[in-house]
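Reader: Could you take me through this model, please? I would like to begin with its overall make-up and then turn to the side chains.

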Amino acid sequence: MLNRFFRRFRPSQPKPEAVSEQSGHMAHGPVVTISFSSARRSWNEAFDLRDMLLSTLVEKGFAAEKSPDGDVMFSGYVFRPELSSFQPLDDGEGSRSCTIISFDHSGLGCHRCFEWQHSIGETLEEACRVGFEKWCKTDLVALLDATRNRAEDCTCMEMAFPNRSPGKRCVFSPVEIVANPASDLDLINSSDPDSHSFCPCCLTTACMKELKPYIEGTGFTGVRYFVMRDNEGNLNADCRVNGLEFDPGKAALIRYAESWPGTGFQYRKQYVVVHDHSS
């Protein structure tokens with residue numbers, strides 16, 4: 001399978017290099033120039049992910065702009081998008097993309113945090129743009145509310161600690177839930193207090209013990225949750241802290257999924273910002 005994929009495209013740029021030993025991710029950088037070839041046609045794609053992210057934000061009404069270094073600035077954040085990996089589809093006419101957006105915010109004590117965006121499109125450029133659009137609807141919503149004294153779009157949980165100020169706040173992004181059959185989704189959204197109804201804090205509550213060092217510590221933490229059950233009932237999960245794999249959280253998510261209602265395919269995905277906050 002891999003040999004077949006590799007015959008279908010020819011990257012016209014060097015192999016990716018590690019951004020840094022501490023970053024924990026591999027990236028090609030923001031400028032993409034790639035030649036593709038399938039049984040039916042050959043074509044080139046060239047684009048700058050910084051321009052793509054900027055235009056995506058502006059189209060959605062955000063007052064984003066470029067820094068002198070070409071990074072994207074908005075609401076106190078500095079965003080740096082890069083291409084991590086890509087893979088042509090089986091028919092050679094589409095592509096899967098994996099991009100990375102790393103970001104800093106001096107006011108939140110956030111430095112070089114990052115997250116992946118996975119997507120699919122008829123071209124690599126389209127796949128990357130769709131990934132950025134999804135990021136705007138999920139991760140960015142929580143990132144922006146973290147900059148506000150009072151959250152506008154997200155559910156939050158505030159915590160105070162004895163003899164310490166500031167406290168802590170968890171900002172829960174919108175949750176992406178997919179369930180099949182639809183009857184399983186009805187069980188998830190049930191208003192019955194004795195049912196398995198779901199709320200934005202459920203994934204964090206399931207990992208509370210594992211996340212205790214980050215919740216009770218100081219500074220900024222971005223947490224990614226992804227947990228799924230396939231059609232055969234097998235469970236899998238991914239949990240990341242500031243972009244890096246967090247195995248204790250993964251194990252907690254799998255334990256949590258064992259209690260899900262229904263029997264069909266299901267996944268839940270969310271991004272949560274944990275940061276210092278004074279009420």
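Author: What follows covers the overall make-up, one residue and some aromatic pairs. This is a predicted model, in which local features need pLDDT of at least 70, side-chain atom pairs count only at pLDDT 80 or more, and totals for chains, interfaces and linings use all residues. Residues are numbered from 1 along each chain as its sequence is written, and side-chain values use heavy atoms, with hydrogens and water left out.

Reader: How many helices and strands are there?

Author: The protein has eight helices and 17 strands, taken as DSSP runs (helices H or I, at least four residues; strands E, at least two) and numbered from the N terminus.

Reader: Is Thr99 buried or exposed?

Author: Thr99 is buried, at a relative accessible area of 0%; buried means under 20%, exposed over 50% and partly exposed in between, with a 1.4 Å probe and protein chains only. Thr99 belongs to strand 9 (residues 95-105).

Reader: Turning to aromatics, how many pairs are there?

Author: A search of the whole structure gives twelve aromatic pairs, where ring centres of Phe, Tyr and Trp (its six-membered ring) lie within 6.5 Å; planes under 30 degrees apart are stacked, over 60 edge-to-face and the rest tilted. Tyr77 and Phe103 have ring centres 6.1 Å apart and planes at 75 degrees, so this pair is edge-to-face. Tyr77 in strand 8 (residues 77-88) and Phe103 in strand 9 are 26 residues apart.

Reader: Which residues form an aromatic cluster?

Author: Tyr77, Phe79, Phe103, Trp135 and Phe220 form one aromatic cluster. Both Tyr77 and Phe103 are buried.
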